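Reader: I would like a close look at one residue and at the packing that surrounds its part of the fold, with the criteria stated as you go.

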Amino acid sequence: MILHTVTKGKGEALVFLHTGLQTAATDFIPQQAILSEHYQVISPDLRGHGKSTAADISNFFEDSAQDLDETFEKLGLQSAHIVGASLGALVAIVFAKRFPAKVKTLTISGVTKQKPDNWQSLHQQDVEMQAGLLNNEEAASYFTDLHGPGWKRFIDMGKSEDWYPFNETSDLSQLSSPVLVIAGEGSTNESLSAIEYRREQEKVHISIIPFASHLVHDEQPELYAEVLRHFLVNS
């Protein structure tokens, strides 16, 4: 499917892939504003999010990578710099593996490399937090307005302990493009993952940002933008 996109600026294409239950219009806003001064910033709504309406999310990551490829074709993009956070980062990894020639650089944050020993506990915490969204009338109304009633399918998807594509995140060695992994120091598993990626491959650059956690781009937007800008200029 062709994804709904928001585009601003001119120059090399720079694609931002938003986090789960966000959209092109609600995520990466400071980074889009800063980097659109030098790049053509393209922000799609991922499958089932915002205006990219989709009834089927059963094969979300593979389908999302295909969606992004079809969107590239529609926009006439041969390649682009790809930036993703959390769910968007997982889509970015799958896309980079399936369509390596279309990725100039890859920047990811909010990613865990391998299933941690305490995964069951972490997953249960996430499930409880997401259940809270369903029970919160104001939050439920907000997400329904943003995505339509189908957004609750992502809550159902996240209930499975096997939803996370560790088979994709565990190994980035096949990627041919320069890679930047950003992590917030408050996310221990993600910080350790970044260090492990670097240990395994010197071509991977990492940045551990203080006073931030999983949503590092949201918690430290200016630092994130500066690290990203430096990476793009020097890659």
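Reader: Which is glutamine 130, buried or exposed?

Author: This is a predicted model, in which local features need pLDDT of at least 70 and side-chain atom pairs count only at pLDDT 80 or more, whereas totals for chains, interfaces and linings use all residues. Residues are numbered from 1 along each chain as its sequence is written, and side-chain values use heavy atoms, with hydrogens and water left out.

Glutamine 130 counts as buried because its relative accessibility is 19%, where buried means under 20% relative accessible area, exposed over 50% and partly exposed in between, with a 1.4 Å probe and protein chains only. Glutamine 130 belongs to helix α4, residues 119–135; helices (H or I, at least four residues) and strands (E, at least two) are DSSP runs numbered from the N terminus. When neighbours within four places in sequence are set aside, glutamine 130 is in contact with Ile155 and Gly158, contact meaning heavy atoms within 4.5 Å.

Helix α4 also holds tryptophan 119, which forms a pair with tyrosine 164 in the loop between α6 (152–158) and α7, 45 residues apart, and so links distant parts of the chain. That pair is edge-to-face, at 5.6 Å centre to centre and 70 degrees between the planes; rings of Phe, Tyr and Trp (its six-membered ring) pair if their centres lie within 6.5 Å, and planes under 30 degrees apart count as stacked, over 60 as edge-to-face and the rest as tilted. Tryptophan 119 is buried because its relative accessible area is 9%, and tyrosine 164 counts as buried because its relative accessibility is 10%. Both belong to one aromatic cluster together with Phe60, Phe61, Phe154, Trp163 and Phe166.

Within this cluster, phenylalanine 60 and phenylalanine 61 form an edge-to-face pair at 5.3 Å centre to centre, with 80 degrees between the planes. Phenylalanine 60 counts as buried because its relative accessibility is 2%, while phenylalanine 61 does so at 11%. Not counting residues up to four places away in sequence, phenylalanine 60 touches Leu46, Arg47, His49, Leu87, Val91, Phe154 and Met157.

Phe60 is also among the residues with the most contacts inside the largest nonpolar core, alongside Ile82, Leu106 and Ile108; this core has 47 residues. A nonpolar core is a set of buried Ala, Val, Leu, Ile, Met, Phe, Trp, Tyr and Cys residues joined through side-chain atoms within 4.5 Å. Helix α3 gives the most to this core, with nine residues. Of the 12 residues of α3, 11 are buried, including Leu87 and Val91, and the buried residues pack against β2, α2 (60–75), β4, β5 and α7 (166–169).

The strands just named lie in an open sheet of seven strands, ordered β1-β3-β2-β4-β5-β6-β7 with mixed pairing; two strands pair if DSSP finds at least two bridges between them. The edge strands are β1 (5–8) and β7 (204–209), each pairing on one side only. Strand β4 (residues 80–85) and strand β5 (residues 103–109) pair in the parallel sense over six bridges, and in this pairing isoleucine 108, one of the core residues with the most contacts, stands opposite glycine 84.
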